[in-house]
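Here are some questions a bench biochemist might put to a structure. Each answer sets a value against a cut-off and draws a conclusion.

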Amino acid sequence: MLKAYISADIEGMEGVVTKIQCSRGGADFAVARKRLAEDVNAAARACFDNGYDEVLVCDGHADMENLLIEDLDERILLLSGAMRQSLQMEGIDDSFDAYISFGHAGAGLTPGGVIDHCFNGGKVYNLRFNGVTMNTETVVNAAIAGHYGVPLVACVGDAALAQEVHAFVPKCEGVVVKRGVSRFAAVSLHPTVARGMIYEGVRAGLMRRKEIEPLRLGDRITMEVDYKDSNMADTAMLIPGVKRINQRTVSYTGDPETVFKLHELMLYRLVDAL
């Protein structure tokens, strides 16, 4: 039984350039979420057409209830809701054969990144694993999948995202649906064109799956978080084992599964409560 895992975000998709499209209160959010569902369907069809038996889509944007299940291909399994142990990779395990990153933004490391940010853009400035800066959501998610031996076969987003991902997973198929002009402006493909590229890109990545090495961080991981404000570091220090590096930076060292759970806790739950 072949299983594919898709993490779905919205900032990286064609036509999305500001909060008007990607926040629930935005005037064009309804249009963007519908477009995202159709784009995800294109990726899922590529999986099913290439012999995959199951496709799990994890809604990973904001409140994580963006995809309407009736808009999705009826063969897709949808994981949604924010009460979870992983920000964007809930449910990933070694039963999956391929990981597809969908619609994540770049991390502000590359010129032209549209709505670039590091997971929680208003609260987190930098994220490092074993001393290496990994601000890009897709890269961190690839490492989480890689822990279970699952390779990142394709990523869908802007040109900056593709460049950042290829620095860590060079053989990943990069599907570029827009090119940034600034943080809040881009030249986008028409959705119909984008969906054709998504289908073909995912298909190509799946066909080369055995050539793509899973991104592994090792059996012992040190995660460092640079927060925007010191009170966030104060709060993180309530977690046993967390160490203070400086006024705004904390670190934790442990086994991968514990670190990945703390990634969810320290970048989302604790700081969003402040």
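The questions below concern a predicted model.

Q: What makes the pair of Tyr-5 and Phe-96 edge-to-face?
A: The ring centres of Tyr-5 and Phe-96 are 5.4 Å apart. Rings pair if their centres lie within 6.5 Å. The planes of the two rings stand at 90°, and angles over 60 degrees count as edge-to-face. The pair is therefore edge-to-face. By this rule, the count comes to two aromatic pairs.

Q: Where in the chain do Tyr-5 and Phe-96 sit?
A: Tyr-5 is in strand β1 (residues 3-8). Phe-96 is in the loop between β3 (77-79) and β4 (98-102). They are 91 residues apart, so the pair links distant parts of the chain.

Q: Why does Tyr-5 count as buried or exposed? And Phe-96?
A: Buried means under 20% relative accessible area. Tyr-5 has 0%, so Tyr-5 is buried. Phe-96 has 6%, so Phe-96 is buried.

Q: Which residues do ring pairs link into a cluster?
A: Tyr-5, Phe-96 and Tyr-99.

Q: How do you know that Lys-3 lies over the face of Phe-96?
A: Lys-3 is at 4.3 Å from the ring centre of Phe-96. The distance cut-off for a charge over a ring is 6 Å, and the charge must also be within 35 degrees of the ring normal. Lys-3 is placed over the face of Phe-96.

Q: Why is Cys-172 in no disulfide?
A: The nearest cysteine sulfur, that of Cys-155, is 4.0 Å away. A disulfide needs two cysteine sulfur atoms within 2.5 Å, so Cys-172 is in no disulfide. Cys-172 is also buried, at 4% relative accessibility.

Q: What is the nearest cysteine sulfur to Cys-58?
A: That of Cys-47, 15 Å away. The cut-off is 2.5 Å, so Cys-58 is in no disulfide. Cys-58 is buried, with a relative accessible area of 0%. The count for the model comes to zero disulfides.

Q: What makes Asp-219 buried or exposed?
A: Exposed means over 50% relative accessible area. Asp-219 has 70%, so Asp-219 counts as exposed. Asp-219 lies in the loop between α5 (191-207) and β10 (221-227). Leaving out residues up to four places away in sequence, Asp-219 touches Gly-254, Asp-255 and Pro-256.

Q: What sets Ala-62 apart in its phi?
A: Ala-62 has a positive phi of about 50° although it is not a glycine. Ala-62 lies in the loop between β2 (54-59) and β3. Its relative accessible area is 48%. Partly exposed runs between 20% and 50%, so Ala-62 is partly exposed.

Q: What is the phi of Ile-115, and is this residue buried or exposed?
A: Phi of Ile-115 is near 50°, a positive value in a residue other than glycine. Ile-115 is in the loop between β4 and β5 (124-129). Its relative accessible area is 9%, so Ile-115 is buried.

Q: How do you know that β4 is mostly covered?
A: Five of the five residues of β4 are buried. On one side these are Ala-98, Ile-100 and Phe-102. On the other they are Tyr-99 and Ser-101. Both faces of β4 are therefore covered.

Q: What makes β4 a partner of β1 and of β7?
A: Strands pair if there are at least two bridges between them. β1 and β4 pair over five bridges, in the parallel sense. Ile-6 stands opposite Ile-100. β4 and β7 are joined by four bridges and run parallel. Here Tyr-99 stands opposite Leu-152.

Q: Why are β6 (132-133) and β11 (243-246) at the edges?
A: The open sheet has the order β6-β5-β10-β12-β11, with antiparallel pairing. β6 and β11 each have a single partner strand, so one side of each is left without a neighbour in the sheet. Within this sheet, five bridges join β5 to β10. Val-124 has Tyr-227 in β10 as its bridge partner.

Notes
Residues are numbered from 1 along each chain as its sequence is written. This is a predicted model: local features need pLDDT of at least 70, side-chain atom pairs count only at pLDDT 80 or more; totals for chains, interfaces and linings use all residues. Side-chain values use heavy atoms; hydrogens and water are left out. Rings of Phe, Tyr and Trp (its six-membered ring) pair if their centres lie within 6.5 Å; planes under 30 degrees apart count as stacked, over 60 as edge-to-face and the rest as tilted. Helices (H or I, at least four residues) and strands (E, at least two) are DSSP runs, numbered from the N terminus. Buried means under 20% relative accessible area, exposed over 50%, partly exposed in between (1.4 Å probe, protein chains only). Contact means heavy atoms within 4.5 Å.
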